[in-house]
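Work through the exercises below with the model open beside you. Try each task before reading its solution.

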Amino acid sequence: MSENRKKYRSLKSMPVRCNALYLSFREMVIVIPLVLAAAIWLLPYLWEKSEKFDFQEPDFRISYDLRDDYWSYRQWVDYAAENYDVMFVGDSVVWGMYTDNAHTLSHCYNAQKDEAAAANLGIDGLHPVALEGLMADFGRGLRGKKIYLYFNALWMNSEKFDLTYRPLVDEDGVPEKLTVMHPRLIPQFDRSIEGYGDPLKKRMAAVLERNLPICSLLNHLRGVWYDNKSLAEWMLVNPSSDPLTRPGFYISAVEREHRNRSTPWNKPRAFEVGYDWVPAERSLQLKAFIRAAKLLEERGNEVTVVVGAFNTHMLDERSLEAYGKLVSDAEDRLDDAGLKYLELETLPSESYADASHPLDAGYENMAEQIIQYEEE
Amino acid sequence: MLFQTWDFIIFFSVVLGGLALLRPGLRAWWLLAASWFFYGNFNPVFLIFLIYISLFDYCVGRGLAKTGTVWVRKLLVFFSVANGVALLGLFKYAGFITENLQALCNSLDLGYRVPTLAESAGRVLDALNLNYELTAAMLLPVGLSYFTFKSLSYTIDVYRGTVRCERKFIHYACYLAFFPTVLMGPIDRSGLFLRQLRHRIAVRRQDIADGVSLFISGLFKKVVLADTLAVFVEKVYKSDVGDYNALTVLFATYAFAWQLYGDFSGYSEMASGVARLMGFRITLNFNCPYVAVNFTDFWRRWHISLSTWFRDYVYIPLGGNRVSEWRIWLNLFITMVVSGFWHGEAWAFLIWGAWHGVCCVVWRFFDKSAWYLAIPKLVRQLAVFNLAAFGWIFFCSKSLDRAWGLVKILFSWSGEGLSLVPWYMFVLVAAVWIYQLVYDSKLRRGLEFAPVRYALMALVILLIIVVPGDANQKFLYFDF
């Protein structure tokens with residue numbers, strides 16, 4: 001002990017710093033947690049209170065460009081939860097990939113019911129594994145609502161889509177990297193998604209974004225105001241602009257592009273495709289979908305799974321048979337989980353834009369089927 | 001595994017956990033295992049060099065302790081120096097030597113092709129029937145210049161009798177491989193480190209507070225200051241000469257000066273913070289170099305552990321200040337040129353060293369002139385900064401042609417080419433500079449006033465959270 005004292009005495013005179021940026025231990029345990037708390041929670045809270053979106057626009061759906069801005073999505077969820085009773089949640093089929101705001105599923109539903117009851121909470125590319133993450137961390141505002149959760153079997157049409165794919169390894173031992181949509185929403189350290197090859201830095205950034213509001217806010221600000229660039233990179237592109245005056249408190253988040261497509265999938269000619277459907281018992285996407293639905297139910301929502309009106313007209317015989325089995329097995333699993341579901345009837349062939357996306361008429365048809373189900 | 005990455009945070013948590021749980025006698029073993037793992041993580045082959053030099057100089061040290069015969073002692077220290085210089089020469093300067101030999105052969109029309117180190121090593125492997133493909137990058141172990149210099153300082157100090165010979169190999173190997181400093185210094189002297197290691201490794205509350213403060217300060221310098229400026233510097237300095245006008249080149253040069261400072265000083269502070277969290281104090285490596293009033297002062301503040309190394313093992317053995325005035329100039333010049341060559345195997349680094357040598361000599365005159373000392377301090381500081389920044393052009397360009405092209409543009413004051421001055425980056429630089437000027441003045445007490453420290457700490461933490469981009473910038477001094 002005395003030797004230690006001697007050591008400390010002799011080292012005490014040694015300069016260790018070149019600035020006054022230091023804290024004593026006592027100061028540190030007070031100042032640093034306070035600063036971190038202010039940065040992580042208070043700043044985002046104040047920003048959230050000051051920021052205004054155009055959610056009141058009729059038939060609002062979040063714009064395609066903001067599809068991975070989960071901060072904006074959370075604000076939309078919170079607004080929708082306050083102003084609507086019915087929520088349509090799902091991927092680009094719900095969002096309306098080949099249609100404009102005035103022909104989406106939620107719009108057709110509202111129009112047929114003659115009231116603004118439903119909100120469109122769809123996002124392009126939202127596969128069930130990402131849906132689970134989105135609902136867990138950014139959909140907390142959904143409580144006590146009627147939710148139509150759209151199940152699109154397209155996400156199980158191959159091992160790659162289903163994320164059960166085992167990547168090939170090249171000569172140098174580097175595994176093939178799987179393209180995953182909404183990578184920030186999937187479980188970052190789940191070994192079952194073998195093809196997900198993002199580096200640790202990106203995975204940790206995703207974990208932080210989902211848990212710390214400041215990280216979500218920073219991604220939002222970068223996406224909306226700084227062209228998805230860091231401040232330094234943005235300043236290089238805009239050397240004379242003032243980055244501090246750039247962010248504003250009004251965000252136009254509504255989709256403005258007219259995506260209406262009048263050409264159905266079978267024009268000029270119909271064709272057949274064969275999918276290697278992943279069986280229900282092996283499917284990661286199906287398991288994640290059921291967990292997402294259960295999570296929403298646990299939050300007091302009345303969840304109805306809408307088993308999608310997949311375009312079976314384009315499937316070859318083998319695929320069609322396998323698809324039928326897959327849907328039947330999936331429904332069995334929904335039953336086992338105690339989830340209500342509605343299996344939509346296949347739409348007329350000319351109502352599809354591709355394998356899963358309906359055209360305007362298709363949405364009318366789907367809304368009719370849903371309302372009929374409600375009435376029954 | 002850089003300090004600002006998650007990999008390091010995980011690694012360091014495990015190391016800290018081990019240090020806390022293991023009994024004191026095992027802590028040095030644990031630290032060595034962690035340090036070797038950290039170093040081997042870059043390339044396990046590099047560990048061979050680190051272990052080799054640890055063993056070699058440990059044995060030399062033991063030999064020096066056991067013998068009193070003068071010629072044997074001289075021979076031993078000669079072996080140690082020759083071994084260190086040979087390692088550096090072979091791995092760091094082989095490319096430079098072969099390149100210049102080839103140029104000489106070409107100019108003499110000898111028609112001889114000088115093989116590169118990778119080619120020679122490849123032939124040896126082929127002769128041994130080892131199927132292993134070598135590249136130039138694989139033949140430059142990271143941190144070689146740093147741990148070689150550390151090891152040399154040890155054997156020379158043992159020879160001189162200024163430090164005690166280390167009995168335990170574990171301790172000596174730990175000194176060389178100590179993971180916070182193995183890659184980029186500071187080039188700590190053995191006396192300081194081994195003295196701490198011989199005592200029980202203990203962490204006090206103040207160590208934690210200082211360690212965290214140092215780490216935050218270093219992180220700010222790296223991810224906010226250096227990485228922000230790096231985007232601008234890379235854009236200008238990696239473009240073709242002539243793409244940008246003189247004003248942009250001038251600002252890019254200033255930006256590089258601060259980027260390099262932020263990068264290296266940030267690393268040193270983070271290293272110091274990490275070491276402190278384990279209960280070790282390491283040398284202060286940077287002390288506001290851009291507020292220096294002359295070039296001797298600059299080198300007392302910039303890469304302090306390296307400049308004191310050159311002072312003790314090159315400048316003083318050459319005669320230091322105890323010789324005639326012209327020999328002092330020569331000694332200063334030689335020391336700075338050697339220092340330039342240590343930084344990199346290119347003529348541009350030699351020119352950079354020579355530039356500093358000339359500036360040091362000129363400032364010896366200036367500092368003795370009443371007219372110079374009458375100039376306001378701030379003006380002298382600005383003059384030193386500008387001349388140091390000019391030197392960085394050679395440092396950053398790494399090739400003489402390119403550096404010369406940039407110097408020509410700068411002095412032509414040409415308006416041709418693109419203009420790009422992201423002014424916000426310079427607000428950041430100005431803020432840091434003003435802070436350092438105040439810290440270096442009689443107003444320092446104001447900065448040490450508790451509420452000011454709290455406010456600055458809050459601002460720095462906020463900037464660390466808000467500013468960094470996705471770019472994972474490696475450290476510039478990594479290459480040396």
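The exercises move from domains to cores, the chain contact, and one helix with its strands.

This is a predicted model, in which local features need pLDDT of at least 70, side-chain atom pairs count only at pLDDT 80 or more, and totals for chains, interfaces and linings use all residues. Residues are numbered from 1 along each chain as its sequence is written, while chains are lettered from A and ligands numbered from 1 in the order in which they are written.

**Exercise 1. Domains of chain B**

Task: Find the domains of chain B and describe the side of domain 1 that touches domain 2.

Solution:
- Start with the bounds, which come from an automatic or database domain assignment. Domain 1 of chain B covers 6-92 + 140-201, and domain 2 covers 206-479.
- Next, take the centres over C-alpha atoms: they are 28 Å apart.
- Count contacts (C-beta atoms, placed from the backbone, within 7 Å). Domain 1 of chain B brings 20 residues and domain 2 of chain B brings 22.
- Assign elements, which are DSSP runs numbered from the N terminus: helices are H or I with at least four residues, strands E with at least two. On the domain 1 side, H1 (6-21), H7 (144-160) and H9 (190-198) of chain B each supply at least two residues. H7(B) has the largest share, 4 residues.
- Sort by class. Ala, Val, Leu, Ile, Met, Phe, Trp, Tyr, Cys and Pro count as nonpolar, Asp, Glu, Lys and Arg as charged, and the others, Gly among them, as polar. That domain 1 side has 13 nonpolar, 5 polar and 2 charged residues.

**Exercise 2. Nonpolar cores**

Task: Locate the largest nonpolar core and the helix with the largest share of this core.

Solution:
- Fix the terms. A core is a set of buried Ala, Val, Leu, Ile, Met, Phe, Trp, Tyr and Cys residues joined through C-beta atoms within 7 Å. Buried means 20 or more other C-beta atoms within 10 Å of a residue's own, exposed 12 or fewer, partly exposed in between, with C-beta atoms placed from the backbone.
- The largest core has 126 residues. Among those with the most contacts inside it are B:Leu229, B:Val233 and B:Ala252.
- Helix H10 (residues 205-237) of chain B gives the largest share, 17 residues.
- Apart from this core lies another, of 86 residues, including A:Val86 and A:Met366.
- Check one member. Beyond neighbours within four places in sequence, B:Ala252 contacts B:Phe232, B:Val233, B:Val236 and B:Tyr237.

**Exercise 3. Where the chains meet**

Task: How many residues does the contact take from chain B and from chain A?

Solution:
- Chain B gives 52 residues and chain A gives 34.
- H10(B) gives the most to the chain B side, with 13 residues.
- By class, the chain B side has 30 nonpolar, 11 polar and 11 charged residues.

**Exercise 4. Helix H11 of chain A and its strands**

Task: Test the length of H11(A), then find what covers its buried residues.

Solution:
- The expected span is 1.5 Å times one less than the number of residues. H11(A) (residues 284-298) has 15 residues, so it should span 21 Å, and its end C-alpha atoms are 21 Å apart, which agrees.
- Buried residues of H11(A) include A:Leu286, A:Phe289 and A:Ala293.
- Their cover includes H6 (128-138), S4 (146-151), S6 (302-307) and H12 (317-336) of chain A.
- Just after H11(A), A:Gly300 has a positive phi of about 85 degrees.
- Now pair the strands (at least two DSSP bridges). S4(A) and S6(A) run parallel over 6 bridges, with A:Ile147 opposite A:Val303.
- S6(A) also pairs in the parallel sense with S7 (residues 340-343) of chain A, over 4 bridges.

Note on methods: Contact = placed C-beta atoms within 7 Å.
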